[in-house]
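Open your viewer and get ready to select a few residues at a time. Each stop says what to pick and what to look for.

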Amino acid sequence: MTELKHLSSNTSVDSIIEVLHDDACVIIDNVLDSNFLETLNNELDPFLSHDNFGRDEFTGFKTKRIGALIARSEKCRELALDPLINKSAKNFLQPYCDGLQLHFTSAVCIGPGESPQILHRDRGIWGGYLPRKVEPLFSTIWAASKFTKENGATQIVPGSHKWDKDRLPNPDEIAYAEMEAGSVLIYTGTVLHGGGDNVTSDEIRTGVFLHYAVNWIRQEENQYLSCPPEIAKGLSPELRSLIGYSKGGYVLGFYSDPYDDSAKHESVSPENMFSDSFDRFSDIPDPKDLVNKSIKSNQ
Ligand SMILES: O=C(O)CCC(=O)C(=O)O
Ligand SMILES: [Fe+2]
């Protein structure tokens with residue numbers, strides 16, 4: 001039976017990247033303490049008290065999902081900015097982009113009786129149009145409760161990011177992300193995985209999913225609606241920028257204030273909605289450089 005590799009909470013960015021290149025998945029053990037977890041679960045509970053189960057086999061008829069975690073939970077804001085995760089995500093995705101964005105937030109609670117989710121690659125959300133050589137995602141699942149094989153621990157196939165797209169795993173090639181509450185599973189957009197089945201009678205498996213993507217691609221969760229400007233204005237500039245209130249490169253994601261007739265907020269970074277002093281890409285680049293960068297290579 002294949003096992004997932006585990007690293008300790010004092011691990012380094014380099015160790016994480018090394019395992020990701022080999023396996024496309026790794027667990028970091030016991031990162032969060034019990035106080036953090038208690039507050040996190042208390043923040044999520046009110047939104048999970050409704051019967052909002054999945055609508056199909058993929059989302060799971062016995063699985064609850066809630067989004068908008070940046071707007072709804074202080075602790076999720078902290079998790080989104082976790083320094084080791086952010087440094088690792090930047091380093092890992094750096095061959096494909098000049099910055100990151102938070103792409104998806106969700107608490108996923110797999111309830112008793114749930115069947116296994118079909119194994120899939122999360123990059124499929126873009127319909128298969130992305131060239132295989134581009135890795136668009138660095139994803140995390142924070143265990144808000146203990147993950148066991150019995151209660152729905154994520155199934156994952158280490159190394160399957162290198163497989164032919166139609167190859168399916170033998171049962172002994174599927175690992176289970178068994179981990180203590182407070183640990184975190186990191187995986188990429190190209191590794192095969194899926195929620196596990198929950199054969200317990202009374203355990204709910206809760207994971208907090210925070211996925212990071214290259215900054216030039218459409219986000220899975222629309223952060224501008226899930227965390228609208230009136231809420232975003234209360235966030236740190238760093239978090240606001242991470243969820244998308246910033247530009248990706250020279251022009252990507254600029255906005256113009258439709259009510260501004262002074263042209264002060266004309267074609268500027270969304271960072272200017274909250275402060276005049278933020279526009280990381282406001283320097284005018286050398287036009288020749290801009291044109292040169294428009295295609296990376298001839299292949
Ligand atoms: O719940 C899980 O462990 C995995 C869920 C998942 O992979 C998905 O919904 O895309
Ligand atoms: Fe998935």
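This tour moves from the whole chain to its sheets, a helix, the core and a few loop residues.

**Stop 1: the whole model**

Remember throughout that this is a predicted model. Colour residues 6-214 as domain 1 and residues 247-299 as domain 2, following the domain assignment. Now look at the gap between their centres. The C-alpha centres of domain 1 and domain 2 are 32 Å apart.

**Stop 2: the seven-stranded sheet**

Switch to a cartoon view. Find the open sheet of seven strands, ordered β1-β2-β8-β5-β10-β4-β3. Its pairing is mixed. Which strands stand at the edges? They are β1 and β3. Each has a single partner strand, so one side of each has no neighbour in the sheet.

Strands of a sheet pair through backbone hydrogen bonds, and they can do so in a parallel or an antiparallel way.

**Stop 3: from β1 to β2**

Select residues 6-7, which form β1. This strand pairs with β2 in the parallel sense, over two bridges. Pick Leu-7 and look across to β2: Ile-28 stands opposite. Then trace the chain from β1 through α1 to β2. This β-α-β crossover is right-handed.

**Stop 4: along β2**

Select residues 25-28, the strand β2. Show the side chains. In a regular strand, side chains alternate between the two faces of the sheet. Here, Cys-25 and Ile-27 point one way, while Val-26 and Ile-28 point the other way. Are these residues buried or exposed? All of them are buried.

Next add β8, residues 184-188. It pairs with β2 in the antiparallel sense, over four bridges. Two pairs are worth labelling. Ile-28 has Val-184 as its bridge partner in β8. Ile-27 has Leu-185 as its bridge partner there.

**Stop 5: the nonpolar core**

Show the side chains of Cys-25, Val-26, Leu-185, Ile-186 and Val-208. These residues have the most contacts inside the largest nonpolar core, which holds 62 residues. Which strand gives the largest share of this core? It is β4, with seven residues.

Stay on Cys-25 and look at what surrounds this residue. Leaving aside neighbours within four places in sequence, its contacts include Leu-4, Ile-156, Pro-158 and Tyr-187. Leu-185, Ile-186 and Val-191 are also in contact with Cys-25.

**Stop 6: helix α5**

Select residues 83-93, the helix α5. Highlight Ile-85, Ser-88, Ala-89, Phe-92 and Leu-93, which are buried. Look down the helix axis. These residues cover an arc of only 110°, which puts them on the same side of α5. What do they pack against? Their partners are α1 (13-23), β4 (100-110), β5 (137-143) and β10 (205-214).

**Stop 7: the three-stranded sheet**

Now find the open sheet with the order β7-β6-β9. Its three strands pair in the antiparallel sense. At the edges are β7 (175-176) and β9 (193-194). Each edge strand has a single partner, so one side of each is left without a neighbour in the sheet.

Select β6, residues 155-156. Two bridges join β6 to β7, and the two strands run antiparallel. Label Gln-155 and find its bridge partner in β7, Tyr-176.

**Stop 8: His-120**

Go to the loop between β4 and β5 and pick His-120. With 13 other C-beta atoms within 10 Å, His-120 is partly exposed. Not counting residues up to four places away in sequence, His-120 touches Leu-192 and Gly-194. Now draw a distance line from His-120 to Phe-58. The two are 62 residues apart in sequence, but 9.9 Å apart in space from C-alpha to C-alpha.

**Stop 9: two alanines with positive phi**

Most residues other than glycine have a negative phi. Two alanines here have a positive value.

Pick Ala-68, in the loop between β3 (63-66) and α3 (69-72). Its phi is near 55°. Ala-68 has 19 C-beta neighbours inside 10 Å, so this residue counts as partly exposed. The cut-off for buried is 20 or more.

Finish at Ala-263, in the loop between α8 (237-243) and α9 (287-292). Phi of Ala-263 is near 65°. Is Ala-263 buried or exposed? With 10 C-beta neighbours inside 10 Å, Ala-263 counts as exposed.

Note on methods: Residues numbered from 1 in each chain as written. Chains lettered and ligands numbered in written order. Predicted model: local features only at pLDDT ≥ 70, side-chain atom pairs only at ≥ 80, totals over all residues. Buried ≥ 20, exposed ≤ 12 C-beta atoms within 10 Å, placed from the backbone. Domains from an automatic or database assignment. Arc of directions from axis to C-beta. Contact = placed C-beta atoms within 7 Å. Core = buried A, V, L, I, M, F, W, Y, C linked by C-beta atoms within 7 Å. Pairing = 2+ DSSP bridges. Right-handed = clockwise from strand over helix to strand, strands pointing away.
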